[in-house]
Structures are given as structure tokens and as C-alpha cells.
Amino acid sequence: MACARLPILLPAKGTDTSGSSVDVPAPSAFDQILSAGDVTGDDRPDLFVTAGTQFWAFTGYTGASFSSARLLNDGTAWPSRDLVSVSDITGDGIADLLYRSTSGRALLRQGKADSAGKGLDVLSLATAAASSADKDTEYAASGWSPTDMPRMLAIPDVTADGIPDIWAHMKTGVRLGRGAGGGGLTVSPSPSLGPGGGGGGGGGDQKPDSRAPADPSVSPSTSCAPRFAPR
Ligand SMILES: [Ca+2]
Ligand SMILES: [Ca+2]
């Protein structure tokens with residue numbers, strides 16, 4: 001499948017959480033780029049980026065510019081974290097941030113609605129204290145280190161419970177991580193799509209397991225899907 005590739009136009013300047021102007025880092029300095037679809041409710045795509053010590057939200061892409069570039073955090077927190085997803089996990093219709101600590105935990109930061117009630121207030125993802133729960137909650141206690149899980153791919157719900165899931169590339173193969181709202185995520189012992197594994201609706205839900213990459217070193221880039229890899 002051929003993918004038409006167009007450059008994303010980034011602003012030179014953004015604002016931090018206090019409204020001060022800050023330089024947007026060069027794309028070559030980006031560690032992760034997470035396309036979240038539209039989470040702000042304006043029908044325009046939004047991007048979340050980490051770059052060194054910085055965590056950015058670029059929102060409202062028109063095809064020519066972003067309506068907002070916000071430096072959400074700059075300090076010691078993000079160099080030891082990876083973005084996993086920005087999507088609604090708690091079921092209130094407002095996107096939440098799922099990230100992993102390279103120490104091996106996965107953490108959930110619950111988003112707040114904006115003042116219009118139409119979508120996410122990205123500033124609520126800036127810090128744990130700014131979030132809906134006033135804290136980050138543990139989504140998985142262990143097993144998410146870059147050694148245990150070299151890659152993960154956030155996907156929509158495939159288990160029909162309305163909660164986004166992930167494909168986890170573990171040391172032993174690719175496994176389905178079943179989202180469980182605020183209560184955590186279970187990386188299933190099966191189905192494994194590692195060497196010798198298979199899909200075919202494994203796990204009993206008859207959902208499209210074929211979405212998983214049989215060989216994570218090849219897919220999903222061939223289908224233009226986003227790919228999230230640890231730094
Ligand atoms: Ca948007
Ligand atoms: Ca939510």
C-alpha cells in the first residue's frame with residue numbers, strides 16, 4: 001500500500017502553561033510523535049510530542065497550521081517516560097493520557113473537559129495535579145519496561161467493551177493488552193502472535209485480531225498506521 005507523504009507544518013513558537021512564548025524544538029529533536037486523532041473536539045487532528053525534557057501538544061491542524069502549540073511540561077519527568085495513547089479510557093468521553101515509565105509501570109492521567117465541554121483541555125494533561133483525578137493512577141504495576149515490552153501500539157477497542165486496547169510487543173511475542181478503564185490493563189497470556197502464533201479471533205471475542213502485526217519488525221508501517229517505539 002503506497003502512502004502519500006506530506007510534511008506537517010509546525011509553528012516556530014508555542015506557549016507554555018503560563019502563556020509565555022517558547023521555541024518549538026526542531027522535528028529532529030522529537031523522541032516520540034503520537035497522533036491522537038481529534039481529542040479537542042474541533043474535528044481537527046491533534047499531535048502529542050516528546051522532545052528531550054519537553055512534552056508538547058499541537059492541536060487543531062488545518063492542513064496549513066496548528067491552532068495551538070502548548071508546551072505542557074519541561075523538566076525531569078518526561079525523559080524517563082514514553083507516550084502510549086491519548087484516548088478516552090475512563091469512558092467519560094474525554095481523552096486521557098496513558099504513558100509508561102521506563103521503570104516498568106504504566107500510568108493513567110485522566111483528562112478534563114474544556115470550558116465548552118466539547119473535548120479535552122490539553123492543559124489537564126500537563127501534570128498529574130492538573131488532571132481530573134488530581135493524580136496519576138497506576139494502570140499496570142510492572143512489565144512495561146523497554147526490556148519487557150520493546151514496543152507497544154495503541155489501538156481502538158477490539159474487545160467490544162468500549163475501552164481502547166493495545167498490541168504489546170513483548171519479549172515473547174506480540175500480545176493483546178485488554179484495556180480495563182481506570183482499573184488497569186491486562187496483557188493476555190494469549191493470543192500471542194509471536195513466532196508460531198496466530199490470530200483468527202483468538203481470545204474468544206472474534207474481533208479483528210488480524211489487525212496485529214504478525215511480524216512487528218515489518219508492520220504496521222506498511223498500512224500507514226502510527227507506530228510507537230521506545231526511545
Ligand atoms: Ca482537535
Ligand atoms: Ca476519559
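Two strands count as paired here if DSSP finds at least two bridges between them. Keep that in mind for L97, which stands opposite R109 in strand 9. One caution before we go on: this is a predicted model.

Let's stay with that pair of strands. Strand 8 covers residues 96–101, and strand 9 covers residues 106–109. They run antiparallel, and 4 bridges join them.

Now the sheet around them. Strands 8 and 9 belong to an open sheet of 4 strands, in the order 7-8-9-12. The pairing is antiparallel. Which strands are at the edges? Strand 7 (81–87) and strand 12 (137–140), and each pairs on one side only. Neighbouring strands of this sheet are turned by 30° against each other on average, direction ignored.

Next, the other sheet. This one has 6 strands, and it is open too. The order is 2-1-6-5-4-3, and the pairing is mixed. Strand 2 (21–23) and strand 3 (32–35) each have a single partner strand, so one side of each has no neighbour in the sheet. From one strand to the next, the twist averages 30°.

Look at the strand 3 edge. Strand 3 runs antiparallel to strand 4, residues 47–51, and 4 bridges join the two. Across that pairing, L34 stands opposite F48 in strand 4.

Last stop: A154. You'll find it in strand 13, residues 151–155. Is A154 buried or exposed? The cut-off for buried is 20 or more other C-beta atoms within 10 Å. A154 has 20, so it counts as buried. Its C-alpha atom is 9.0 Å from that of V86, although the two residues are 68 apart along the chain.

How values were computed
Residues numbered from 1 in each chain as written. Chains lettered and ligands numbered in written order. Predicted model: local features only at pLDDT ≥ 70, side-chain atom pairs only at ≥ 80, totals over all residues. Axes fitted to C-alpha atoms, helices over the stretch in contact; angles between N-to-C directions. Buried ≥ 20, exposed ≤ 12 C-beta atoms within 10 Å, placed from the backbone.
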